[in-house]
Amino acid sequence: MNRSASLARQYRLLACAFPSDWRRRNGDQLVATLLDASRPGQRIASPLDAFDVLRRGLGCRLATAGPSMQIGFAVALLLTAVGVVHLAVVPLSATFLVTSL
């Protein structure tokens, strides 16, 4: 598989964050734009591109979700943020892992 096909496949996978009807209308254009913006010789999607596509796709899903789903997304995001901050502040140690079993 050549570089362009591999990168396009990765971008299509990332585009799954968007609702399916959005992907049918705009998926090819999204992938083409990302491929055009990629660096020469780039083999994998950059972390920034991946984050941006996932963020926009989830935002699109959230915008079309009902109120109860929006509350669920907000709670999940809050719990994820708290977990990430906790892991950054209190790193896991071997002692903690052994004593928590």
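Arg12 is a good place to start: at 42% relative accessibility, this residue counts as partly exposed. Keep in mind that the model is a predicted one.

**Salt bridges**

The count of salt bridges comes to four. In one of them, the side chain of Arg12 meets that of Asp28. Because Arg12 belongs to helix 1 (residues 3-14) and Asp28 to helix 2 (residues 20-37), this pair ties together parts that are 16 residues apart in sequence. Asp28 itself is exposed, with a relative accessible area of 56%.

Three of the pairs are set out here:

| Salt bridge | N to O distance |
|---|---|
| Asp28 and Arg12 | 3.2 Å |
| Asp52 and Arg55 | 2.7 Å |
| Arg56 and Asp52 | 3.5 Å |

Asp52, Arg55 and Arg56 are joined into one network by salt bridges that share partners. Within helix 3, Asp52 and Arg55 are three residues apart, so about one helical turn separates them. Arg56 and Asp52 are four residues apart in that helix, again about one helical turn. Asp52 is partly exposed at 30%, and Arg55 is partly exposed at 41%.

**The largest pocket**

Arg55 also appears in the lining of the largest pocket, together with Phe51, Leu54, Leu58, Gly59, Leu62, Phe73, Ala74 and Leu77. Helix 3 (47-64) and helix 4 (67-89) each give two or more residues to this lining, with helix 3 giving the most, six residues. By type, the lining has seven nonpolar residues, one polar and one charged. The pocket's volume is about 310 Å³.

**An aromatic pair**

The structure holds one aromatic pair. Phe18 and Trp22 are stacked, 3.9 Å centre to centre with 15° between the planes. Phe18 is buried at 6% relative accessible area, and Trp22 is buried at 19%.

Key
Residues are numbered from 1 along each chain as its sequence is written. This is a predicted model: local features need pLDDT of at least 70, side-chain atom pairs count only at pLDDT 80 or more; totals for chains, interfaces and linings use all residues. Side-chain values use heavy atoms; hydrogens and water are left out. Rings of Phe, Tyr and Trp (its six-membered ring) pair if their centres lie within 6.5 Å; planes under 30 degrees apart count as stacked, over 60 as edge-to-face and the rest as tilted. Buried means under 20% relative accessible area, exposed over 50%, partly exposed in between (1.4 Å probe, protein chains only). On a 1 Å grid over the protein atoms alone, a cavity is a set of points where a 1.4 Å probe fits but cannot get out, and a pocket is an open set with protein on both sides within 12 Å along at least five of seven lines; lining residues have an atom within 4 Å of a point. Grid points are joined across faces, edges and corners, and a volume is the space filled by probe spheres set on the points. Ala, Val, Leu, Ile, Met, Phe, Trp, Tyr, Cys and Pro count as nonpolar, Asp, Glu, Lys and Arg as charged, and the others, Gly among them, as polar.
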